[in-house]
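Student: Please take me through one part of this chain closely. I would like the strands and how they pair, with the rest of the chain as background.

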Amino acid sequence: MSALRAWLIGLSPRERLLIGVAAALALVVVLWFGILRPVSEGLDAARDRTFDAATRLAGVRGAVAAVEPLAKASAPERGGNLEAVVRERATTAGFVLSTVNPQSDNAVAIAMASARPAALFAWIAELEGQGILVDQLQTTDNGDGTLSVALTLRARGA
């Protein structure tokens with residue numbers, strides 16, 4: 001420190017003033033780019049992440065609220081075993097089932113060679129409203145605006 005002090009005393013008043021101004025500017029730059037900007041950007045990013053998380057949480061809560069009545073409701077009467085009910089409802093909806101395989105635990109695996117997507121998903125939504133839930137779904141694009149479908153359905157509560 002004494003060497004620095006001796007060097008500073010040896011400078012002219014104008015040189016000391018310029019060194020003081022340069023040191024002040026360097027301090028301002030270090031404070032701005034080293035502390036204030038990173039903290040401000042971190043706070044902005046945290047605020048954005050909090051807003052995104054709150055938006056996603058509200059969406060999930062809305063979806064859960066929409067599904068809760070279905071989960072709490074008892075399974076409606078279908079009037080027959082699951083395989084017969086699925087066959088009958090598919091025929092009523094205009095779908096041709098290529099395979100129907102009963103599974104254990106009150107489930108049935110079906111396949112369709114060709115189904116229009118809008119009609120298929122409307123039919124699935126109708127089945128879910130009647131207590132027949134999708135356990136697994138696999139679709140493949142046929143290239144002609146239809147899908148081939150492999151689907152496992154399970155009765156609610158099974």
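Tutor: The strands come after a short look at the whole chain.

This is a predicted model, in which local features need pLDDT of at least 70, side-chain atom pairs count only at pLDDT 80 or more, and totals for chains, interfaces and linings use all residues. Residues are numbered from 1 along each chain as its sequence is written, and side-chain values use heavy atoms, with hydrogens and water left out.

Start with the inventory. The chain has four helices and four strands. Helices (H or I, at least four residues) and strands (E, at least two) are DSSP runs, numbered from the N terminus. Their order along the sequence is α-α-α-β-β-α-β-β. The radius of gyration is 35 Å, well over the 15 Å that the globule rule gives for 158 residues, so the chain is more spread out than a compact globule. That radius is taken over C-alpha atoms, and the rule is 2.2 Å times the number of residues to the power 0.38. The C-alpha trace spans about 105 × 40 × 25 Å along its principal axes.

Burial comes next. Buried means under 20% relative accessible area, exposed over 50%, and partly exposed in between (1.4 Å probe, protein chains only). Of the 158 residues in the chain, 19% are buried.

Now the strands. Two strands pair if DSSP finds at least two bridges between them. Take β1 (residues 99-103) with β2: five bridges join them, in the antiparallel sense. Val-100 has Ile-110 in β2 as its bridge partner. Three residues separate β1 and β2, which form a hairpin. In that turn, Asp-105 has a positive phi of about 60 degrees.

Strand β2 (residues 107-115) is mostly covered, with seven of its nine residues buried. Besides β1, β2 also pairs with β4 (residues 147-155), antiparallel, through seven bridges. Here Ile-110 comes up again: its bridge partner in β4 is Leu-151. So follow Ile-110 across the strands: Val-100 is a bridge partner, and Leu-151 is another.

Strand β4 has a further partner. Nine bridges join β3 (residues 132-141) to β4, and the two run antiparallel. Leu-133 is bridged to Arg-154 in β4. These two strands form a hairpin as well, with five residues between them. Gly-143, in the turn, has a positive phi of about 85 degrees.

Zoom in on one residue of β4. Thr-152 sits in this strand. It is buried, at a relative accessible area of 13%. Contact means heavy atoms within 4.5 Å. Setting aside neighbours within four places in sequence, Thr-152 touches Ala-107, Val-108, Ala-109, Leu-133, Val-134, Asp-135 and Gln-136. Ala-107, Val-108 and Ala-109 fall in β2 (residues 107-115), while Leu-133, Val-134, Asp-135 and Gln-136 fall in β3 (residues 132-141).

For background, look at a helix residue. Ala-90 lies in helix α3 (residues 82-93). Its relative accessible area is 0%, so Ala-90 is buried. Apart from neighbours within four places in sequence, Ala-90 is in contact with Phe-95, Leu-97 and Trp-123. Asp-44 is 46 residues away from Ala-90 along the chain, and their C-alpha atoms are separated by 53 Å.

One last count covers the whole chain. Of the contacts between residues at least 6 apart in sequence, 52% join residues at least 24 apart.
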